[in-house]
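User: I would like to learn how to read a ligand site in a model. Please take me through one.

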Amino acid sequence: MVEHALYIVSTPIGNLADITFRAVDILKSVSWVVAEDTRHSRTLFQHYGITTPLSACHAHNEHQMRAKVMQRLREGQSVALISDAGTPLINDPGYPLVVDAHAEGIAVIPVPGACAAIAALSAAGLPVDRFCFEGFLPAKEKARKARLAALQHEVRTLIFYEAPHRLVESLMTMVEQFGEMRLAVLARELTKRYETIRKASLQALLSWVLAQPEQQKGEIVLVISGYEPPSLDTLVLNHQEQSILDVLIDEVSPQQAARILAKLGERSKQEYYRFILNRNAKENKNT
Ligand code: SAM
């Protein structure tokens, strides 16, 4: 018997062996498993001899299924939620159900395992001390551009899920917004036969993908190096930025000056702010 709870169970992202012993035990022991696509999950169930009743919860019946799952949980039954691949809720359904369970005081227990974002990050060779998960970029060009523009000065490593038919467009927009030289990693078909992990500058990665159309297939994670602010010693304002700063500095606070400069120039508010503080410190030293 398992503890009465809603279990959030991670399943493989390709290689069927990537599931924990505990996950298999839980899936065998709960009274009901709710999956995204039952046909897909049946392969996993057959492989591990899991015979627990399986029902589908997808966009069209999510509301109904949520109510049914909550009813079973209220009756004291245990239910497991799985998705087609990896960790449920990570760009997959389940969030409203977890919120409902919390609201009714029902235990929600994670059974961790594969997640494409974390698998890609762990092998990318880019900083892992701070990272942010951005999921899928918007499909429409204008919105995609705006999202990437907003991330231009993000210093944490960025993780994106990417649809194969949009890979080239996304890499092009990334080159435009992050610059040609920003380091990036394409992690494709992880744990599967054609697994590919390629690290290069954004421009080199784009050229490689264009030259090898087979790299535009399958399941893809893009891991992008965060923005590296230039060190204070190398930060030089251009003539226009310098003139604006000379006017602003006697009129407004350093924070306000930095904010205005960031709207007009190419650097972030934080960089201009650090530059102003550094400049003020140097001036004070010289007086
Ligand atoms: N819940 C999943 C997880 O934990 O990673 C993600 C589900 S999301 C709907 C599907 C996306 O995850 C794919 O389009 C791809 O970007 C990424 N993905 C899933 N499996 C992958 C794999 N084996 N290799 C690379 N990316 C994968």
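Analyst: Begin with the domains, whose bounds come from an automatic or database domain assignment. Both domain 1 (5–114) and domain 2 (117–224) contribute residues to the shell around the ligand, so the ligand lies between them. This is a predicted model: local features need pLDDT of at least 70, side-chain atom pairs count only at pLDDT 80 or more, and totals for chains, interfaces and linings use all residues. Residues are numbered from 1 along each chain as its sequence is written, and side-chain values use heavy atoms, with hydrogens and water left out.

User: How many residues surround the ligand, and which are the closest?

Analyst: A residue counts as near if one of its heavy atoms lies within 4 Å of the molecule. Here 19 residues surround the ligand, the closest being T87, D92, A116, Y161 and I220.

User: Which polar contacts should I look at?

Analyst: A polar contact is a pair of N or O atoms within 3.5 Å. An oxygen atom of the ligand lies 2.8 Å from a backbone N or O atom of A116. A ligand nitrogen atom is 3.1 Å from a polar backbone atom of A85, and a nitrogen atom of the ligand is 3.4 Å from a side-chain N or O atom of E219.

User: How is burial read?

Analyst: The size of an interface is often given as the accessible area lost when the parts come together. By the Shrake-Rupley method with a 1.4 Å probe, the ligand taken alone exposes 570 Å², and the protein buries 90% of that.

Notes
Polar contact = N/O pair within 3.5 Å; in protein donor to acceptor, adjacent residues only side chain to side chain.
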